[in-house]
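Got your viewer open? Let's take a walk along the place where two chains meet.

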Number of protein chains: 2
Amino acid sequence: MAAPDQSTSPQLPQVLILKPPHVFKLHHHLFSQRFHFLRAWESPLPTPHFLSTHAHSVQALFCNAYTDITADVLTLLPSLRFIVTSSVGVDHIDLVECRRRGIKVANVADVFTDDVADVAVGLLIDVVRKISAGDKFVRAGFWASSEFQLGHKLGGKRVGIVGLGSIGFQVAKRLEAFGCIVSYNSRTKKPSVPYPHHADVRELALNSDILVICCALTDQTYHMINKEVLSALGKQGFIVNVARGAIVDEKELVRCLVQGEIAGAGLDVFADEPNVPDDLLELNNVVLSPHRGVFTKESLWNSYELISENLEAFFSDKPLLTPVLNE
Amino acid sequence: MAAPDQSTSPQLPQVLILKPPHVFKLHHHLFSQRFHFLRAWESPLPTPHFLSTHAHSVQALFCNAYTDITADVLTLLPSLRFIVTSSVGVDHIDLVECRRRGIKVANVADVFTDDVADVAVGLLIDVVRKISAGDKFVRAGFWASSEFQLGHKLGGKRVGIVGLGSIGFQVAKRLEAFGCIVSYNSRTKKPSVPYPHHADVRELALNSDILVICCALTDQTYHMINKEVLSALGKQGFIVNVARGAIVDEKELVRCLVQGEIAGAGLDVFADEPNVPDDLLELNNVVLSPHRGVFTKESLWNSYELISENLEAFFSDKPLLTPVLNE
């Protein structure tokens, strides 16, 4: 066994980590009292070599959204029966292959829902009312000598929510308190929801002043916010993305922002994180956030508890708390 | 008559402006179709000299929050009968002297209420979830190499509203949608309000994670947020000010922020605008806004209409639309 954690007992159930999730770094002492972690990232071996040498018998894997769990990775883990991810999204996990291999998958479900919704609204107010831009203006010492540009009123703005899952719904609830007029796009109309539904996202953009992207990244939503949708949103339109960068055609978004074809954007996610397109760094009509929608001290603590409880449920053969795939 | 505006008819009612309000600069063409403006700021004469030479017969004055209408100014305007200010606050006008002289005063009432409430919530989310700080972090290129600090969850936070007038009430309504727990301080308990009342602002601070200052500046509220109140708020506490800088003991606030005695602040107003204390410019736990709470294109248009209609009401001897002092 390579580099076992001496602080933990070998009797504890074994869990593989390829790259440490944020919540693991924060609460690794607590995690290590409950599980014995195989720390692939600490090994000098290349990951495939480490897995084939040391992880042959490992049954559980703990990952985050930045670790691709591909069919190739799964092939090197023949005993794997459970994956828990510290994220809400599971687009980094090959679910088809997991199903084929009988591997259960759990995420952290709604732990981060409110935090992501809060950041979506924060980014929206920020870009529409120019709060970060105002902060830069004041700090640069411009206030005494020049006029700060005006922002826009939120009340009465038509906000289109792309993906009315739990996050989208919480965004809508918050924005109603500001007097915004909410409608949404999703594959199917939600029967219990009071907002108008648009089956077509371009139709939603045509009828919105602001689009807030809250849907999961899937084959269907990849680059769904494309040139046509951005053009339908138009020159006075704002876009907020707290979902995944790849839902938007980022090159087209950057072009629209640079050329003034949309009014502004508040972005917590990007196509190639942590890399942000250089052109965005110079723009005054964007607010850039380092994918921190989900990260608060409080919600990370809740996710620590949920991840631990899912792992314990798996090892004691009890029902998972927040299953995504429960074969 | 010095420097009359040749584009306007001398038959239009005469209105004095000492320094041009923002809304006047933006909509001066429209204003000038309805009134003839005496533009003191364009004269080479010192203001007192200009007033005693040219404004002896002027009946109406249009000002903003940055123009002090003192007893000395009023003495130079013996015919003055009406002041309209483009602000909500009227602390820059000597109301006692106005009453003594029988001068009516109007403000813009609730035109900016929603916008100020929106900025209060925007600053609150921004400082608690570190949005502007995150934007700086990304733009500085730190994302790839370092860990961005965590923000705090909004849900469950106890927010104390200082001054539950129309703005404070709109802030409370918005924050309820985020799961915040609202209580408030005001001179008297509001009978129709569902939130707990604290008669003492220090008591409110002791029971709050976040204070949002929404009250008017008066002799009673000057430096009301002092060392004791900030100390009661404590190290984990945040403060948001969208009211007036002088309600807070700014030196003490800066000291608390620098020394970590409170967690952070979102400030749209300062004691000596446009001057911001140098120490604040370097801090990562503050969001600084150039007193733009009230300024959106939409609300400035509404204020243009309201100011014009108040002036027309005065000149045609009809009731003012939004009187503050109606002697």
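Here, two residues are in contact when they have heavy atoms within 4.5 Å of each other. Keep in mind as you click around that this is a predicted model.

Start by selecting the contact between the two chains: it takes 60 residues from chain B and 60 residues from chain A. Together the chains bury about 5100 Å², and 60% of that is on carbon and sulfur atoms. Now pick out Arg139(B), Trp143(B) and Leu150(B), which supply 16% of the area that chain B buries against chain A, more than any other three residues.

Next, hunt for charges. There are 12 salt bridges across the interface of chain B and chain A. For one of them, select Glu147(B) and Lys25(A), whose closest N and O atoms are 3.2 Å apart. You can also look for polar contacts, with 33 residue pairs between chain B and chain A.

Which helix of chain B gives the most to the side that touches chain A? Color helix 5 (113–129): with 10 residues, helix 5 of chain B is the top contributor. Others that supply at least two residues each include helix 1 (22–34) and helix 12 (297–315) of chain B. Coloring this side of chain B by residue type gives you 29 nonpolar, 12 polar and 19 charged.

Last stop: zoom out. A turn of 180 degrees and a shift of 0.0 Å along the axis lay chain B on chain A with an RMSD of 0.0 Å, which means the two are related by a two-fold axis. To find the axis, select Ser132(B): its C-alpha is the nearest in chain B, 2.5 Å away. The same surface serves both copies, as 100% of the contact residues of chain B recur in chain A.

Technical notes:
Residues numbered from 1 in each chain as written. Chains lettered and ligands numbered in written order. Predicted model: local features only at pLDDT ≥ 70, side-chain atom pairs only at ≥ 80, totals over all residues. Heavy atoms only, no water. Buried area = accessible area lost by both parts, 1.4 Å probe. Salt bridge = Lys/Arg side-chain N within 4 Å of Asp/Glu carboxyl O. Polar contact = N/O pair within 3.5 Å; in protein donor to acceptor, adjacent residues only side chain to side chain. Helix = DSSP H or I, 4+ residues; strand = E, 2+ residues; numbered from the N terminus. Nonpolar A, V, L, I, M, F, W, Y, C, P; charged D, E, K, R; others polar. Least-squares fit on C-alpha atoms with pLDDT ≥ 70 in both.
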